[in-house]
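Colleague: Could you take me through one pair of packed helices in this model, slowly enough for a first-year student?

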Amino acid sequence: MTPLFSALLDALDDRMKLRSPTRAVANKVFPSNWSFLIGEVATISFVVLVATGIFLTLFYRASIEPVTYTGSNEFFAGVQLPAAFESIIRLGDDIPGGLFVRRVHRAASHLFIASIVLHMLRIILTGAFRKPRELNYHVGIGLLTLALAEGFLGYSLPYDSLAGTGIRVAYSITLSIPYVGENVAFWVFGGEFPSTAIIPRFHALHVFVLPLLISGLIALHVLILVRQKHTQLPKPDVDGHSYIVGKPLWPGQFAESSTLVLWVGGILALTATFIPWSDVTLLGPYVPGEVGNNAQPDWFLFWTDGLLRAVPPIEFTVLGATINTVFIAGALIPGIMFGLLFAYPFIERRFYGLEGEWHVLTNPLDIPLRAAMVMGTFSFVLIASANATNDILSRMTGITIEDLVFIFRAAMLLAPPLLAAGIYVYSARRLKREGARVATNELEAQSRFDPPQITTS
Amino acid sequence: MSTTPDTPAHEAGDQTGDQAGPPRTEDGLIILARTAPEPSRANDTLVIGTAIGAAVFGVAFAVALVVGLPIGWYGSFLALAFFSLGLSIRRYFFDRFPEVEAAELRSARTVEPDRPVSAVAPLARRPLLTRVLLGSAGVFGASLLALVPSLGPKVGETLRSTPWAAGVRLKTTDGEDIRPEDVARGGIVTAWPDGFIGFERAAALVIRLTGQPEPPTVADWVVGPSLVAYSKICTHAGCPVALYRERDDSLYCPCHQSTFDVKRGCEPIFGPAARALPQLPLGVDEDGFLVALGDFEGLVGPSFG
């Protein structure tokens, strides 16, 4: 360390007494396994999103007021465009690096949500949500929800034809809430679709409110993690219940994480160079009363769109409230899915009568209920997502859309319960074959994983 | 490049007891294994090479962007700079620090549960005040929700009617009047009420059927033998029902595939829509232009309430 640098650090320590908290942080141990880095990828993506987002928001015009395009794109020359769409075309074609930054922002948004989903999958499969980590699991679900909302808002802001259609469907879902739907829709969207208030509001939410909430929840997520310490993958001769084994933050994990930042940055830059993410010039601006073929949301909302396509026509009135198919597919079923996600830690603990604290991760096949839950819900979401492409599939395969929707409806009803039951029976038999049962406390679970340790004592 | 483990990996906090002896610690860190790499010229060259590479690619990115080279150039340079710097940092740490596998004890509960958190205990008083205070604070907080209705205009009957009324002319998106003979057989035109072009919920489709309309089509609202008008807004989720299939006179929604039988009152024949598209009472005024004879009957667009 250079003398100047260490003198500065000494002066700072003299005033702030930093040495001992820094030592505690530097010696924090991180489990050394790649799957623990997925959450870091999400955090890095978020930082990239904030950085590129600040650049974009300096050029974006949050308005649908028609303006005449005068930029260098020949296709739109002299055409009246909504100001939001116009500003994005201008950013892409007339600001050096503008298109690149916008593509990096889009690529990072996909990576952000994908890594959150994968991270969640790891947490659920390995049981990292168990006591004492339920609260942090719920903070994580909050982050997933906000990230999906943020993704939808970002998809809407260019006000291209897909964005307008997406907002229309979101408006209809809000409208479908029994009793209060009309009022809530008017409150959220500032009046009837396509009100001029929508884009300014979405902009404020997208660049200010939700990023602030996400930053706060990420901070809370990490604080709780530091307070409770990491979980531990099962390892022979390691008592993961009492210890964490891995790399200290300095230098081991620091080297790992700082290079991860650069790998993610490099991959985002590379994809933004060669993949035209969200090429809105091909879509054109949103025009009321018009819609193109292949009207689809982003991939992370495919499942809700697939549900909207699959749930059959239902409309009835009960106690003065109208319940329709949009409410069932767009609000009720997603609500149940999130409710199940939220409640699962308690369901598992109650179902198996689990006791005490859990710090060692488990193979999901050792917990039949968990294997069944993950198999059931994720297969349902995947089949529903696939159904969001049924029009494209129909064109590709030549199967009529009517037959395809019928197949998907049947698959959504039958496959998840069958797969869940199948994996339940498989993992229950697997346990039985090994002469074991679902452990109700961690000591029992560890003794099964590492029998020699116990028997030789 | 050879590495020398100083200590063999051994278990931390062995459940069998402490007979293995306390693990080695350094600054509170329990070191399980430590491998220190030998100095290596090859590694030094790699660190220096990739570090300089990162600087060169970074400058190349800046130059390419400023002189206006296409995205493929400066994007690739930026990506290469990231990868180069990442590799350099990786190998730098590999050279500078021993690789350490360490263990950390999960902390046990430190504060006795029955000891109060605060050193200042409250005095013994009636609980009534606390309850009233909390309740009132809650009521006060809830009354702040009075701001919520200000977020949007009053709904009232807004969504239950459209600008269509008796005598309102049909206009194309370009603002032209429409004559019945403008719509060819199998033809389809998007129409708006005069003065409300682009008012989404009022969008209508004027269609010249290939055959005769059948019940439940309202015959009085059909112009000539086969010219009909229906709401363009899907009764499912509100997308424009934009695609007309001539072979069976059906309208198809590209969002969720609801399909409506135009010949039979636009009743839904497939997909998630539960209600027919409302029919626009269509007529011809004395100048020979298409007019509405009244508003749609029934709710336009998705249902609510």
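Modeller: What follows is a look at two helices and at the confidence of their chain. The model is predicted, so local features need pLDDT of at least 70 and side-chain atom pairs count only at pLDDT 80 or more, while totals for chains, interfaces and linings use all residues. Residues are numbered from 1 along each chain as its sequence is written, with chains lettered from A and ligands numbered from 1 in the order in which they are written.

In chain A, helix α7 covers residues 161-175 and helix α8 covers residues 181-189 (helices are DSSP runs of H or I, at least four residues, numbered from the N terminus). Their axes come within 7 Å and cross at roughly 140 degrees (axes are lines fitted to C-alpha atoms over the stretch in contact, with angles from 0 to 180 degrees between N-to-C directions). α7(A) and α8(A) are therefore oblique to each other (under 35 degrees is roughly parallel, over 145 roughly antiparallel, 65 to 115 roughly perpendicular, and the rest oblique).

Which residues of α7(A) and α8(A) meet? From α7(A) come Y171(A), T174(A) and L175(A); from α8(A) come G181(A), E182(A), V184(A), A185(A), V188(A) and F189(A). Contact requires C-beta atoms, placed from the backbone, within 7 Å. By class, this contact has 6 nonpolar, 2 polar and 1 charged residues (Ala, Val, Leu, Ile, Met, Phe, Trp, Tyr, Cys and Pro are nonpolar, Asp, Glu, Lys and Arg charged, the others, including Gly, polar).

As for confidence, chain A has a mean pLDDT of 92, and 98% of its residues reach 70 or more (pLDDT is the predictor's confidence in each residue, from 0 to 100). Over residues 451-457 of chain A, however, the pLDDT is below 50. Beyond near neighbours in sequence, that stretch has 5 contacts in the model. Where pLDDT is low, the predicted coordinates should not be read in detail.

Note on methods:
Helices (H or I, at least four residues) and strands (E, at least two) are DSSP runs, numbered from the N terminus. Two residues are in contact if their C-beta atoms, placed from the backbone, lie within 7 Å.
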